[in-house]
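Reader: I would like a close look at one part of this model, with the surroundings brought in where they help. Please take it step by step.

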Amino acid sequence: MSPATPPKSPFLATLMDLPKNVWRSIFRNPLPSNDLERSATSFTNFFLHIHPVKVHKHSLRPTYTFGLGLMSFFLFVILIVTGILLMFYYVPSTTQAYDRMLDLRGTVAFGTLLRNMHRWSAHGMVAVVFLHLCRVFLTGSYKKPREFNWVVGVILFLLTLFMSFTGYLLPWDQLAFWAITVGTAIAGYAPIVGKDMQFLLMGGTSVGQEALLRFYVLHVAVLPAILTLMIAIHFWRIRKDGGLSRPDDADPKPSLEAMENAVAPKASVPEPKKVYGFQGLVRGPLTKVGQVPDNTVFSWPNLFLAELFTFVVTLSAILVLSLLFNAPLEEPVNALHPPNPAKAPWYFLGLQEMVSYSAFWGGIGVPTIFVLLLLAAPYLDRGPKGVGKWFSRDRLLANTIFITFVVANIIFVIIGTFFRGANWAFVTPW
Amino acid sequence: MAVNLKRSSGGDSDKGKTSRRRMLGWLTGAGLVGSAGLSAVSNFVFIRPRATYGQPQRFSVGKPEDYPSGTRAVLASRGICIIREGARLAAISTTCTHLGCTVGAADTGFACPCHGSRFDQDGNVTGGPAPRPLPWFQVTLAPNGEIEVDKDIEITPGSYLTL
């Protein structure tokens, strides 16, 4: 930009520089071209500051994580965006809800697509969160120091299930009505508080307008708020627990020479009234910078590109599914006649199959035991070995028990899906 | 933190002072935790409805002549099945005792489409996960000659209203 006339008015110059100055006031750094600027990305950008400046190479291996945790998060983001859009047209009323579903199909621009995306993302989130849980277990990543983050993760899995359950009631079709009926009845089997819980959930003694409103509030306000908070804690703990888990041999031991050169802050014996510097807070006895072999790479661009890739794959998959398959909508509610057989979505069919043997054991007892076992896993399985490797031989017993539970549930889901016909009688699908 | 420092440096002369401070600390903590607990409980008090809206539990289902002998009429909107055998009449619930689905009439009695509970003609469990037989409701003949069913009053299965 070289104006032809040399004398410039200061005002004109200010005006000419205005776009540049606005831009620089928002983005304080240029696109990184050296390591210093690459470090600055995580320090100066609000959206990137959750990331470490450098990330371990092992954490970037696609076959270690399969990006499942990120996918869960991105699906949650898609669900929030599509969910908020759907809220513009939805009314939680027993007389209007179903018509609004038909409106979404018939008159609302992109209505069908948005509902499809919301539905398939929800199904996807249940599946991916579960696979993520499997990944973390089968790589032994719940072990010390990540015990608490595993607990948060299990809670997130349960919240995901509650979200999906409260969600599929909202269209107020046959599935919705009978799912609330059965779901709240299962809650009623819980010891001591069961009947009160059932009454609170239904807002009365039978399933109707009050129940729909309650599940709507849970679905669009209460549960998303809790879920968001728990996700924040989950992410924060990843950083504080030292990044993703990795095997011991991912970092070669520092040589003796390096150990001698290392500075050991005298923080190991806590004295009263001592003023601690930041080094006293750093875990481990040595200042490691420059002393140990470095197996990390800069997050910019390595981690960020991987995340972008995962996001694009996730969104594309949901878009393709939503363009190909329409979200089902059953008949409008008929409180007099349940469909026969009345089946829950696939991920609850294992539960439904179990409930068909015993309401208490199938709906309350066994799931509670399973959840308690999951929560307690890192506190029962204290062996330090086998962290950071899929199906490690050191963890044969724990992995076998876990896989047995998973396979049992999958078998129940398959029986519920394919082998149950009218009146929940056993049928063969062929 | 401050309390700890004080305690570690303080001697016996400070004992009374420290324990008073500790007690105040305890009281403050108990007050805060108690308030939080009460707030949480009051939320549940708030969302627990005091009045509920629903169908009346006591209703008329028509004249005895509407149900000739041998009738097994499911009144879906009322959630009951009226049985008439000769001069005897009864009302059996059609709400499954398992998880609250509506059972349908089957050849052998009642069958539930949700989890496969099966009941015989009198509502006794013959299969599936149902923990209890289908309840029987009190049936009376009102002065105007109509049959009145009260779903709030369960009676012993097998006890009929004799017309």
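Which residue in β7(B) does B:Phe110 stand opposite?

Author: This is a predicted model, and what follows should be read in that light. B:Phe110 stands opposite B:Phe119, a residue of β7(B). The two strands concerned are β6, residues 109–111 of chain B, and β7, residues 118–119 of chain B, which run antiparallel and are joined by 2 bridges. In general terms, the strands of a sheet pair through backbone hydrogen bonds, in either a parallel or an antiparallel sense.

This pair belongs to an open sheet of chain B that is made of 4 strands in the order β5-β6-β7-β8, with antiparallel pairing. At the edges stand β5 (104–106) and β8 (125–127) of chain B, and because each has a single partner strand, one side of each is left without a neighbour in the sheet.

From the edge strand β5 one can step across to another strand of the chain. B:Ala73, which is found in strand β2 (residues 72–75) of chain B, lies 32 residues from B:Ala105 in sequence, while their C-alpha atoms are 9.1 Å apart in space. With 16 other C-beta atoms within 10 Å, B:Ala73 is partly exposed, since a residue would need 20 or more such atoms to count as buried. Leaving aside residues up to four places away in sequence, B:Ala73 touches B:Tyr67, B:Cys81 and B:Ile82.

A further set of pairings in chain B centres on strand β10, residues 147–155, which is joined by 3 bridges to strand β1, residues 58–60, the two running antiparallel. Within that pairing, B:Phe59 has B:Val149 in β10(B) as its bridge partner. Strand β9 (residues 136–141) of chain B also pairs with β10(B) in the antiparallel sense, over 6 bridges, and here B:Leu141 has B:Ile147 of β10(B) as its bridge partner. Together β9(B) and β10(B) form a hairpin with 5 residues between them, and in the turn B:Gly145 has a positive phi of about 90°.

For the wider setting, the domain assignment divides chain B into domain 1 (20–52) and domain 2 (58–162), and the centres of these two domains, taken over C-alpha atoms, are separated by 47 Å. Chain B is also in contact with its partner chain, through 23 residues of chain B and 29 residues of chain A. On the side of chain B that touches chain A, the residues divide by class into 13 nonpolar, 9 polar and 1 charged.

Chain A itself has a secondary structure of 15 helices and 2 strands. Of its 430 residues, 31% count as buried, and among the contacts in chain A with a separation of 6 or more, 74% are accounted for by residues 24 or more positions apart. One helix pair may serve as an example: the axes of α13 (residues 346–355) and α14 (residues 359–380) of chain A come within 6 Å and cross at roughly 130°, which makes α13(A) oblique to α14(A). Where they meet, α13(A) contributes A:Leu351, A:Met354 and A:Val355, and α14(A) contributes A:Ala359, A:Gly362, A:Gly363, A:Val366 and A:Pro367. By class, this contact of α13(A) with α14(A) has 6 nonpolar and 2 polar residues, with no charged residues.

Note on methods. Residues are numbered from 1 along each chain as its sequence is written. Chains are lettered from A and ligands numbered from 1 in the order in which they are written. This is a predicted model: local features need pLDDT of at least 70, side-chain atom pairs count only at pLDDT 80 or more; totals for chains, interfaces and linings use all residues. Axes are lines fitted to C-alpha atoms, for helices over the stretch in contact, and angles run from 0 to 180 degrees between N-to-C directions. Angles under 35 degrees count as roughly parallel, over 145 as roughly antiparallel, 65 to 115 as roughly perpendicular and the rest as oblique. Two residues are in contact if their C-beta atoms, placed from the backbone, lie within 7 Å. Ala, Val, Leu, Ile, Met, Phe, Trp, Tyr, Cys and Pro count as nonpolar, Asp, Glu, Lys and Arg as charged, and the others, Gly among them, as polar. Two strands pair if DSSP finds at least two bridges between them. A residue is buried if 20 or more other C-beta atoms lie within 10 Å of its own, exposed if 12 or fewer, and partly exposed in between; C-beta atoms are placed from the backbone. Domain bounds come from an automatic or database domain assignment.
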